Amino acid sequence: GPGVKEGRGLQTALPPAVFHVLEAELGVDTECFASPLNNHFSRFCSLFPDLDWPFGSLGSFFSPDFAPVTGGFQVNPPFEVRIFQRVAEKIFALLNASEERARSQDLCPHETAAVGVSEEPTGNGAR
């Protein structure tokens, strides 16, 4: 098996059945952390948008250019505290900028559940 620092626990892939439920029940149609090799939906953000755009990448989740105002998104970043903090800040910024009601369902590993975030959503989309 993998050694202590050889990829174990860096990210958990969801089984196809979960993606089907996310799509059918919650209207999810975009993955925020994927690649052309591991995406379920045709709309996805990726780490290397310059290489992945021919395969459908929307760019980096963290890019200012990725600023959707509507839609359903599956967010499954690598399990690293600093990345979780950046993800939370980006999601709060998107919710604050949204004029629609939004709902967030978040599943994360226990180690990252208590990530400190400096702001909470307050805009029209923050519900």
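**Figure 1. Surroundings of F62 in the predicted model.** F62 sits in the loop that links α2 to β3 (73-74). With a relative accessibility of 23%, F62 is classed as partly exposed, because the buried class requires a value under 20%. Setting aside residues up to four places away in sequence, the residues that F62 touches are F33, I83, R86, V87 and K90. F62 and C32 are 30 residues apart along the chain, and their C-alpha atoms are separated by 9.2 Å.

**Figure 2. The largest nonpolar core.** Six residues form this core: C32, F33, C45, F61, F66 and V87. In soluble globular proteins, nonpolar side chains tend to be buried together. V87 is in contact with two other members of the core, F33 and F61, and also with F62, V75 and P77, when neighbours within four places in sequence are left aside. The contact between V87 and F62 links this view to that of Figure 1.

**Figure 3. S46 and its polar contacts.** S46 belongs to strand β2, which spans residues 43-46. Its relative accessible area is 5%, so S46 is buried. Two side-chain polar contacts are shown for S46. One joins the side chain of S46 to the side chain of D52, at 2.9 Å. The other joins the side chain of S46 to the side chain of S57, at 2.7 Å. Both D52 and S57 also appear among the residues that S46 touches, beside A34, S35, G59 and S60, with residues up to four places away in sequence not counted.

**Figure 4. A nonpolar surface patch at L47, F48 and L51.** These three residues, L47, F48 and L51, make a nonpolar patch of about 360 Å² on the surface. L47 lies in the loop between β2 (43-46) and α2 (49-52). L47 counts as exposed because its relative accessibility is 69%, and the exposed class begins over 50%.

**Figure 5. The salt bridge between R82 and E80.** The structure has one salt bridge. R82 and E80 form a salt bridge in which the closest N and O atoms are 3.2 Å apart. Side chains of opposite charge can pair when their charged atoms come close. The partners fall into separate accessibility classes: R82 is exposed, at 59%, whereas E80 is partly exposed, at 27%.

**Figure 6. L37 in the loop between β1 and β2.** The loop that holds L37 runs between β1 (30-34) and β2. L37 has a relative accessibility of 84% and therefore counts as exposed. From C-alpha to C-alpha, L37 and F55 are 9.5 Å apart in space, with their positions 18 residues apart in sequence numbering.

**Figure 7. The whole protein, for orientation.** Three helices and three strands are present, in the order α-β-β-α-β-α from the N terminus. The protein has 127 residues, of which 28% count as buried. Among contacts between residues at least 6 apart in sequence, 56% join residues at least 24 apart. The exposed area is about 8,700 Å², and carbon and sulfur atoms supply 56% of that area.

Methods. Residues are numbered from 1 along each chain as its sequence is written. This is a predicted model: local features need pLDDT of at least 70, side-chain atom pairs count only at pLDDT 80 or more; totals for chains, interfaces and linings use all residues. Side-chain values use heavy atoms; hydrogens and water are left out. Patches are made of residues with over 30% relative accessible area and no salt bridge: like charges are joined within 9 Å, nonpolar side chains (Val, Leu, Ile, Met, Phe, Trp, Tyr) within 5 Å. Accessible areas come from the Shrake-Rupley method with a 1.4 Å probe; for residues, only the protein chains shown count as cover. A salt bridge is a side-chain nitrogen of Lys or Arg within 4 Å of a carboxyl oxygen of Asp or Glu. Helices (H or I, at least four residues) and strands (E, at least two) are DSSP runs, numbered from the N terminus. Buried means under 20% relative accessible area, exposed over 50%, partly exposed in between (1.4 Å probe, protein chains only). A polar contact is a pair of N or O atoms within 3.5 Å; within protein, one must be able to donate a hydrogen and the other to accept it, and residues adjacent in sequence count only if both atoms are side-chain atoms. Contact means heavy atoms within 4.5 Å. A nonpolar core is a set of buried Ala, Val, Leu, Ile, Met, Phe, Trp, Tyr and Cys residues joined through side-chain atoms within 4.5 Å.
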